[in-house]
Each structure stands twice: as C-alpha cells, then as structure tokens.
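Open the structure in a viewer and show it as a cartoon. The tour below says what to select at each stop.

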Amino acid sequence: MSDEELISVDYEIYGRVQGVFFRKYTQAEGKKLGLVGWVQNTRAGTVQGQLQGPRRKVEAMQEWLRSTGSPQSHITKADFQNEKTIDRLEHSSFNVVK
C-alpha cells in the first residue's frame with residue numbers, strides 16, 4: 001500500500017440489484033481496485049456492504065457503485081455511511097456474503 005490514508009465506508013445500493021450478478025461484479029471491481037470488504041443481498045431487495053482501502057480507490061469504487069454496477073442492474077440510489085479513517089485494513093479480501 002502507499003502512504004495514502006486508508007478509509008472504511010459502508011454502502012447500500014437500491015434499484016434492480018438482485019438477481020443480476022451485482023454482488024459478483026462488485027466483488028470483481030473491488031478486487032480489481034485492490035480494495036477489501038464485503039457485499040451481500042438484503043431482505044429489503046438492496047445490496048449492502050463495506051469498502052476499505054486507499055481513499056482514492058474507495059472513491060473510484062463509490063462512483064462505480066453509483067453509476068455502473070453489473071450490466072443488467074439498474075441503480076436508483078447509492079447510500080454511503082460511516083466513513084472513517086482506519087489505521088489498517090480489517091478484512092483480508094473482498095468477499096460475497098451469502
């Protein structure tokens with residue numbers, strides 16, 4: 001990792017995001033950016049999770065979650081909460097939680 005500060009942020013994505021491989025694409029994009037965290041479906045029909053990594057890369061992932069997602073998804077809203085600076089990564093990889 002670089003000297004760039006590490007951050008952690010929780011997210012919830014709304015729209016047509018279940019049954020369209022959203023979690024798989026989110027995991028792949030997170031890994032591509034070198035982030036760690038997790039992603040899971042909720043009972044409310046949303047997708048939620050946590051991102052951790054260098055601020056610049058987390059911000060790139062936030063933009064991807066806001067505007068891109070999986071090819072068949074339709075994102076209507078992206079909520080990001082609990083952003084905080086962290087001293088070290090709390091996850092070892094980017095996982096899909098069942």
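The stops run from the sheet to the helices and then to single residues. The model is a predicted one.

**The sheet**

Start by colouring the strands. They form an open sheet of five strands in the order S4-S1-S3-S2-S5, and the pairing is mixed. S4 and strand S5 (94-96) stand at the edges with a single partner strand each, so one side of each has no neighbour in the sheet. From one strand to the next the twist averages 15 degrees.

Select strand S1 (residues 6-16) and strand S3 (residues 47-54). These two pair in the antiparallel sense, over eight bridges. Within this pair, look for Val9, which stands opposite Leu51 in S3.

Now add S4 to the selection. S1 and S4 run antiparallel and are joined by 10 bridges. Tyr14 has Lys77 in S4 as its bridge partner. Show the side chains of both residues: the charged end of Lys77 sits over the ring of Tyr14, at 4.6 Å from the ring centre.

Move next to strand S2 (residues 36-41) and S5. These strands run parallel and are joined by three bridges. One position to label is Gly37, whose bridge partner in S5 is Phe94.

**The helices on the sheet**

Select helix H1 (residues 22-32). Helix H1 lies across S1, S2, S3, S4 and S5, and runs at about 175 degrees to S5. Then select H2, which packs on the sheet and touches S1, S3 and S4. The direction of H2 makes about 155 degrees with that of S3.

**The aromatic pair**

How many aromatic pairs does a search of the whole structure find? There is one. To see the pair, show Phe22 and Trp64 as sticks: the arrangement is tilted, with 6.2 Å centre to centre and 45 degrees between the planes. Phe22 belongs to helix H1 and Trp64 to helix H2, so the pair ties together parts that are 42 residues apart in sequence. Both Phe22 and Trp64 are buried.

**Glu29**

Stay in helix H1 and select Glu29. Is Glu29 buried or exposed? Glu29 has a relative accessible area of 16%, and because the cut-off for buried is under 20%, this residue counts as buried. Leaving aside residues up to four places away in sequence, Glu29 touches Met61 and Trp64. Trp64 is also the partner of Phe22 in the aromatic pair. For a distance check, pick the C-alpha atoms of Glu29 and Phe94: they are separated by 9.5 Å, with the two residues 65 residues apart along the chain. Phe94 is the residue seen earlier as the bridge partner of Gly37.

**Ser70**

For the last stop, go to the loop between helix H2 (55-67) and strand S4 (74-86), where Ser70 is placed. Ser70 is at 1% relative accessibility and therefore counts as buried. What does Ser70 touch, not counting residues up to four places away in sequence? The contacts are Val20, Phe21, Phe22, Tyr25 and Trp64. This list includes Phe22 and Trp64, which form the tilted aromatic pair. Finally, display the backbone of Val20: the backbone oxygen of Val20 lies 2.7 Å from a polar atom of the Ser70 side chain.

Key
Residues numbered from 1 in each chain as written. Predicted model: local features only at pLDDT ≥ 70, side-chain atom pairs only at ≥ 80, totals over all residues. Heavy atoms only, no water. Helix = DSSP H or I, 4+ residues; strand = E, 2+ residues; numbered from the N terminus. Buried < 20%, exposed > 50% of the residue type's maximum accessible area, 1.4 Å probe, protein only. Polar contact = N/O pair within 3.5 Å; in protein donor to acceptor, adjacent residues only side chain to side chain. Contact = heavy atoms within 4.5 Å. Pairing = 2+ DSSP bridges. Axes fitted to C-alpha atoms, helices over the stretch in contact; angles between N-to-C directions. Phe/Tyr/Trp six-rings, centres within 6.5 Å; stacked < 30°, edge-to-face > 60°. Lys NZ or Arg CZ within 6 Å of the ring centre and 35° of its normal.
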